[in-house]
Amino acid sequence: MTTSSSILLLAALLALVSWQAIASDPDPLQDFCVADMHSPVRVNGFVCKNPMEVNADDFFKAANLDKPRVTNKVGSNVTLINVMQIAGLNTLGISIARIDYAPLGQNPPHTHPRATEILTVLEGTLYVGFVTSNQPAPNRNKFLSKVLNKGDVFVFPVGLIHFQFNPNPHQPAVAIAALSSQNPGAITIANAVFGSDPPISDDVLSKAFQVEKNTIDYLQAQFWENNHN
């Protein structure tokens with residue numbers, strides 16, 4: 001009985017370790033796998049384009065990331081370059097984004113379900129932070145934050161809620177972020193909770209947030225603008 005229990009425990013541990021090992025974009029098995037966007041075959045990612053048809057443009061985009069962007073009503077604009085813009089990123093597990101912040105603008109609380117993010121401030125000042133998961137105390141929902149200046153770097157771990165805010169009322173800010181997925185995804189918390197289609201029941205949300213239903217109805221009636229391009 002003891003031997004059987006030990007084997008089961010070992011198997012469970014190996015399964016957990018294996019899951020952690022594959023909980024990110026898979027490593028490529030060849031030099032590249034340029035995405036074939038026209039293939040009818042559906043896989044996790046994209047089918048490889050015939051390597052004989054690959055050319056330099058498959059790895060290039062004139063993205064003009066040196067040019068400022070117009071920000072939206074929350075005061076930010078995220079210009080993401082992922083596999084949908086550069087087919088050569090398929091299977092390479094990386095993407096990049098330019099983020100513009102208006103004075104007092106923010107990239108509101110959001111998560112990237114498939115990527116860790118490393119952010120560099122190019123211009124201005126940013127107040128940034130993330131919140132840990134519902135792990136055991138004392139680190140349950142712990143808020144970690146920092147004020148970043150030009151040239152500073154900050155990391156947001158995969159899947160955790162995070163934000164950036166420009167505290168300067170007079171000057172814009174700019175940052176570049178690298179993300180550890182060809183398609184990191186973004187879930188803006190307010191948009192997802194109050195702007196879902198169809199709406200989440202106000203019975204559910206009023207109980208979850210411990211507020212009156214009319215407060216939920218007001219929030220759901222707002223226009224939740226997407227700042228990701």
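Before anything else, a term: a residue is called buried when its relative accessible area is under 20%. Please also keep in mind that what we are looking at is a predicted model.

Let me start with the chain as a whole, which has 229 residues, 32% of them buried. Its secondary structure comes to 4 helices and 10 strands, and if you read along the sequence you meet one helix, then the run of strands, and then the remaining helices, in the pattern α-β-β-β-β-β-β-β-β-β-β-α-α-α. Among the contacts with a separation of 6 or more, 72% are between residues 24 or more positions apart.

Now to particular positions. The UniProt record, an unreviewed entry, places the feature "binding site" at His 110, His 112, Glu 117 and His 162. These positions are spread over 53 residues of sequence, and yet they cluster in space, with a largest C-alpha distance of 11.9 Å.

Let us stay with His 110, which sits in strand β3. Is His 110 buried or exposed? With a relative accessible area of 1%, His 110 falls under the 20% cut-off and therefore counts as buried. Leaving aside residues up to four places away in sequence, His 110 touches Glu 117 and His 162, and also Leu 160, Ile 161, Gln 164, Ile 187, Thr 188 and Ile 189.

Next, a pocket. The second largest pocket has a volume of about 200 Å³, and 13 residues line it, with Val 74, Pro 108, Ala 190, Asn 191 and Trp 224 lying nearest its centre. Which elements each supply at least two residues of this lining? They are the strand β3, residues 106-111, and the helix α2, residues 189-194. The lining of the second largest pocket also draws on two domains, with at least three residues from each of domain 1, residues 24-185, and domain 2, residues 188-228. By character, the lining residues of the second largest pocket divide into 7 nonpolar, 4 polar and 2 charged.

Finally, I would like to turn to helix α2, where Val 193 lies. Again not counting residues up to four places away in sequence, Val 193 touches Ile 200, Leu 205 and Phe 209. Val 193 and Gln 220 are 27 residues apart along the chain, and their C-alpha atoms are separated by 8.5 Å.

To close, I come back to strand β3, which holds His 110 and which, like helix α2, supplies at least two residues of the lining of the second largest pocket.

Methods:
Residues are numbered from 1 along each chain as its sequence is written. This is a predicted model: local features need pLDDT of at least 70, side-chain atom pairs count only at pLDDT 80 or more; totals for chains, interfaces and linings use all residues. Side-chain values use heavy atoms; hydrogens and water are left out. On a 1 Å grid over the protein atoms alone, a cavity is a set of points where a 1.4 Å probe fits but cannot get out, and a pocket is an open set with protein on both sides within 12 Å along at least five of seven lines; lining residues have an atom within 4 Å of a point. Grid points are joined across faces, edges and corners, and a volume is the space filled by probe spheres set on the points. Ala, Val, Leu, Ile, Met, Phe, Trp, Tyr, Cys and Pro count as nonpolar, Asp, Glu, Lys and Arg as charged, and the others, Gly among them, as polar. Domain bounds come from an automatic or database domain assignment. UniProt positions are given in the numbering used here, feature names are shortened, and annotations may be inferred rather than shown by experiment. Buried means under 20% relative accessible area, exposed over 50%, partly exposed in between (1.4 Å probe, protein chains only). Contact means heavy atoms within 4.5 Å.
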